[in-house]
Amino acid sequence: MPSIQAKIVGDFCNLRCTYCRDRDFDQNSKQIMSQQVLQALINSLSHLPQQLQRMHWLGGEPTLAGLDFFREVIRLQRVKTPKKWLNTIQTNATLIDREWAKFLIANDFKVGVSIDGTSQTHDADRINLAGRGSYAKAMAGVEILRESGIKPSVICVVTKRNVHLGAQMLRGLVESGFTSIAFNAFYNTATDPLQDPFAVSDAMWTQFLKDIFEEWIALNRSDVRVRELDDMLAWTRGRTAKSCVFRGTCSSWMLVDFDGKVYPCERLGRSACFGDVTSVTSFGELLTAPAHRAFTTQTLRIPDKCQTCPMQNFCHNGCVAHRIEDGNSSPHYAYCGSRPAFHEYLSRRVGAIDTAAPTAFAPGIPGIHAASAS
């Protein structure tokens with residue numbers, strides 16, 4: 001059963017990040033999920049059979065919905081027992097104050113924040129309505145969260161403008177106190193990725209992965225986890241990566257917009273609508289709807305080039321949202337080349353991982369010595 005992304009304010013946001021400008025967004029309209037839609041959402045999910053339901057509250061900027069909205073979320077969820085609700089909010093952190101922090105920790109929310117590396121790389125792109133950088137305000141929100149006992153994770157967007165600064169951005173995030181880190185390669189489903197001024201190419205992403213791996217080795221911090229490295233290091237041990245972008249389908253997440261309409265993962269935008277939570281009793285009705293079945297079947301198609309690729313059992317044609325048409329068979333993963341290239345690179349670097357002597361080794365990889373980074 002999927003986890004739910006609830007886009008409770010639509011695209012409404014208090015920032016104007018440069019890489020969002022050409023997307024199919026309406027950041028200016030204040031559209032907040034109504035009480036009726038929220039109630040229908042919680043009620044429909046309560047009918048699903050699993051005992052744990054993951055909710056990911058996002059936007060736009062979800063805190064613009066206000067604290068009273070989230071108080072109502074908790075009230076509705078508590079009525080629907082014995083289901084356990086796991087709530088996460090993804091925020092730019094600029095509106096976080098002590099009242100928000102108190103609410104989030106009291107109600108066991110996990111918190112993810114959006115920080116693009118260092119103050120310089122962040123402020124170059126993540127600007128407010130006046131065109132000023134938002135790093136100082138965002139980090140002030142992060143510090144309030146930490147003082148309240150919340151240790152937020154972080155997502156950093158990688159664009160053509162900062163892709164060459166991978167090591168600097170990783171070190172900046174670690175020096176700012178983050179230990180759970182994820183990097184998203186910018187890929188705009190609303191424009192031609194070959195023409196988009198922010199889009200990261202396959203070759204750029206490959207080099208970026210190498211850069212952050214070497215910086216991670218040099219940091220020698222066992223407590224620092226980087227999603228992209230964890231996923232790909234799993235390959236070197238014959239394990240399956242945990243992230244949904246390695247599963248070959250798009251069934252892990254579904255998005256419910258502010259108006260109740262249901263779509264695939266947020267990365268795909270509003271490309272296919274599966275129905276509306278206000279028109280069903282159980283969310284399961286949407287999972288069995290013809291539109292959802294057709295979408296799922298389409299995502300499982302494998303292009304010819306994947307059929308003979310030795311990485312197929314690990315890669316599964318990558319993130320559905322990052323697939324491109326090239327005139328041959330089915331759409332293929334835009335960063336297809338990065339996976340075998342980085343796997344080969346890791347295999348050389350990791351080497352005889354189980355037999356090397358553990359001295360000044362890198363975090364989580366016994367035998368990889370910080371001094372050996374090239």
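How many aromatic pairs does the count come to? In this predicted model, the total is 20 aromatic pairs. One of them joins Tyr19 and Phe198 in an edge-to-face arrangement, with 6.5 Å from centre to centre and 80° between the planes. This pair links distant parts of the chain, 179 residues apart. Tyr19 belongs to the loop between strand S1 (3–7) and helix H1 (35–46), and Phe198 to the loop between strand S6 (180–185) and helix H7 (202–219). Tyr19 is buried, its relative accessible area being 5%, and Phe198 is buried as well, at 10%. A second edge-to-face pair is made by Phe70 and Trp100, with centres 5.6 Å apart and planes at 75°. Here too distant parts of the chain are linked, since Phe70 sits in helix H2 (residues 67–79) and Trp100 in helix H3 (residues 98–106), 30 residues apart. Both Phe70 and Trp100 are buried. They also belong to a cluster in which ring pairs link Trp57, Phe69, Phe70, Trp100, Phe103 and Phe109.

Rings also meet charged side chains in this model. Arg146 lies over the face of Phe178, 4.6 Å from the ring centre. Arg339 takes up a position over the face of Phe246, with 3.9 Å to the ring centre.

From the rings, the description moves on to the nonpolar cores. In soluble globular proteins, nonpolar side chains tend to be buried together. The largest nonpolar core here has 98 residues, and the members that touch the most others are Trp57, Phe70, Leu104, Ile181, Phe183 and Phe283. Helix H7 gives the most to this core, contributing eight residues. Another core, of eight residues, lies apart from the largest one, and includes Leu15, Cys17, Cys20 and Phe198. Phe198 thus appears in this separate core and in the edge-to-face pair with Tyr19. Trp57 and Phe70, for their part, are named both in the ring cluster and among the residues with the most contacts in the largest core.

Which strands stand at the edges of the sheet? The sheet is open and has 10 strands in the order S7-S6-S5-S4-S3-S2-S1-S8-S9-S10, with mixed pairing. Its edge strands are strand S7 (225–226) and strand S10 (275–276), each of which pairs on one side only. Strand S2 (residues 52–58) is mostly covered, with five of its seven residues buried. S2 pairs with S1 in the parallel sense over four bridges, and Trp57 of S2 is the bridge partner of Ala6. On pairing with strand S3 (residues 84–91), S2 again runs in the parallel sense, over six bridges. Within that pairing, Leu52 stands opposite Lys84, and Arg54 has Leu86 in S3 as its bridge partner. The chain goes from S2 through H2 to S3 in a β-α-β crossover, which is right-handed. Helix H2 of this crossover is also the helix that holds Phe70.

Two contacts in space bring together residues separated along the chain. Ala182, placed in strand S6, is buried with a relative accessible area of 7%. Its C-alpha atom lies 5.1 Å from that of Arg227, although Ala182 and Arg227 are 45 residues apart in sequence. Gln207 is found in helix H7 and is partly exposed, at 41% relative accessible area. The C-alpha atoms of Gln207 and Gly166 are separated by 8.9 Å, with their positions 41 residues apart along the chain.

How many disulfides does a search of the whole structure find? The search finds zero. A disulfide is a covalent bond between the sulfur atoms of two cysteines. For Cys250, the nearest cysteine sulfur is that of Cys265, at 5.2 Å. The cut-off for a disulfide is 2.5 Å between the sulfur atoms, so Cys250 is in no disulfide. Cys250 counts as buried, at 14% relative accessibility. Cys309 is likewise in no disulfide, and its nearest cysteine sulfur, that of Cys336, is 6.1 Å away. With 26% relative accessibility, Cys309 counts as partly exposed.

Notes: Residues numbered from 1 in each chain as written. Predicted model: local features only at pLDDT ≥ 70, side-chain atom pairs only at ≥ 80, totals over all residues. Heavy atoms only, no water. Phe/Tyr/Trp six-rings, centres within 6.5 Å; stacked < 30°, edge-to-face > 60°. Helix = DSSP H or I, 4+ residues; strand = E, 2+ residues; numbered from the N terminus. Buried < 20%, exposed > 50% of the residue type's maximum accessible area, 1.4 Å probe, protein only. Lys NZ or Arg CZ within 6 Å of the ring centre and 35° of its normal. Core = buried A, V, L, I, M, F, W, Y, C linked by side-chain atoms within 4.5 Å. Pairing = 2+ DSSP bridges. Right-handed = clockwise from strand over helix to strand, strands pointing away.
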